Amino acid sequence: MKTPIKFKHIAAIGITCMTIASMSACKKNTLQRPNSSRQKEATYRITSLVDGSMTKTGSKASGNLSGLYSITSKKLIFALYFKEIEPSLIEFRNEKNAVVGTVKKPKAKYVSPVKGEVILGDVDQASLIGQKISVHVISSRFPNGEISGLLSLKNSN
């Protein structure tokens with residue numbers, strides 16, 4: 001024998017359905033974890049000892065460079081410290097000795113530390129990652145470069 005559905009059963013079913021529907025429509029206010037498949041931006045720490053060993057000038061001048069390089073923006077941000085030299089120009093060069101970036105101080109002397117940034121192209125970025133970019137500090141005494149140093153990279157991620 002079939003039992004007829006009573007009004008209170010219909011009301012209970014309706015309330016249950018409404019509760020389920022309203023719960024599924026609510027958004028949770030939780031912090032979302034970063035997408036692990038998203039690649040972190042590769043950043044490298046840059047260092048260089050700068051002296052006369054590469055230029056073979058016999059100069060007693062020396063210095064060091066430190067900085068960061070971002071693969072995404074292709075931006076090298078650096079600080080170059082030096083002593084016993086009055087630079088007339090500071091350049092970054094690749095393995096073919098081509099200038100890939102210049103730090104200019106129009107009508108002003110370079111004072112240690114020199115801080116700046118250089119944006120590299122795709123080919124120069126590959127040279128930097130291959131550790132084939134160097135910094136050259138040029139003076140009036142040595143117009144081809146008094147001191148220089150090869151940039152060294154270390155992944156900072």
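Exposed here means over 50% relative accessible area, and buried means under 20%. The model on screen is predicted.

**Stop 1: helix α2**

Select residues 122-129, which form helix α2. Colour Asp-124, Gln-125, Ser-127 and Leu-128, the buried residues of this helix. They span an arc of only 160° around the axis, and therefore sit on the same side of α2. Now turn to the face pointing away from that buried side: Asp-122 and Val-123 are the exposed residues there.

Which strands help to cover the buried residues of α2? Among the covering elements are β1 (43-50), β2 (62-70), β5 (99-103) and β9 (152-155). Show the axes as well: α2 lies across β1, β2 and β9, and it runs at about 120° to β2. Just past the end of α2, look at Gln-131, whose phi is positive at about 55°.

**Stop 2: Gln-125**

Stay in α2 and centre on Gln-125. Gln-125 counts as buried because its relative accessibility is 13%, below the 20% cut-off. Its side chain makes a polar contact of 2.8 Å with the side chain of Tyr-69. Outside the residues up to four places away in sequence, Gln-125 touches Tyr-69, Ser-70, Ile-71, Lys-74 and Leu-120.

**Stop 3: the five-stranded sheet**

Select the strands in the order β6-β3-β2-β1-β9; they make an open sheet with antiparallel pairing. The edge strands are β6 (114-119) and β9, each with a single partner strand, so one side of each has no neighbour in the sheet. From one strand to the next the twist averages 20°.

Step through the pairs:

- β1 with β2: eight bridges, antiparallel. Val-50 has Gly-63 in β2 as its bridge partner.
- β2 with β3: nine bridges, antiparallel. Ser-70 is bridged to Lys-75 in β3.
- β3 with β6: six bridges, antiparallel. Lys-75 is found opposite Ile-119 in β6.

Zoom in on the link between β2 and β3, a hairpin with four residues between the strands. In the turn, Lys-74 has a positive phi of about 60°. Lys-74 was also one of the residues touched by Gln-125.

**Stop 4: the nonpolar core**

How many residues make up the largest nonpolar core? It has 26, and the ones with the most contacts inside it are Ile-46, Leu-80, Phe-92 and Leu-151. At least two core residues come from each of β1, β2, β3 (75-83), β4, β5, β6 and β7 (134-139). The biggest contribution is from β3, with four residues.

Select Leu-80 and display its surroundings. Apart from neighbours within four places in sequence, Leu-80 is in contact with Val-50, Asn-64, Leu-65, Ile-90, Ser-112, Pro-113, Val-114, Val-135 and Val-137. Val-50 in this list is the residue bridged to Gly-63.

**Stop 5: Glu-91**

Finish in strand β4 (residues 87-93), at Glu-91. Is Glu-91 buried or exposed? Glu-91 is buried, with 10% relative accessible area. A polar contact of 2.7 Å joins its side chain to the side chain of Arg-93. With neighbours within four places in sequence left out, the contacts of Glu-91 are Val-99, Gly-101, Thr-102, Ser-134, Val-135, His-136 and Ile-138. Val-135 also appears among the contacts of Leu-80.

Notes: Residues are numbered from 1 along each chain as its sequence is written. This is a predicted model: local features need pLDDT of at least 70, side-chain atom pairs count only at pLDDT 80 or more; totals for chains, interfaces and linings use all residues. Side-chain values use heavy atoms; hydrogens and water are left out. Buried means under 20% relative accessible area, exposed over 50%, partly exposed in between (1.4 Å probe, protein chains only). The arc is that of the directions from the helix axis to the C-beta atoms. Contact means heavy atoms within 4.5 Å. A polar contact is a pair of N or O atoms within 3.5 Å; within protein, one must be able to donate a hydrogen and the other to accept it, and residues adjacent in sequence count only if both atoms are side-chain atoms. Two strands pair if DSSP finds at least two bridges between them. Axes are lines fitted to C-alpha atoms, for helices over the stretch in contact, and angles run from 0 to 180 degrees between N-to-C directions. A nonpolar core is a set of buried Ala, Val, Leu, Ile, Met, Phe, Trp, Tyr and Cys residues joined through side-chain atoms within 4.5 Å.
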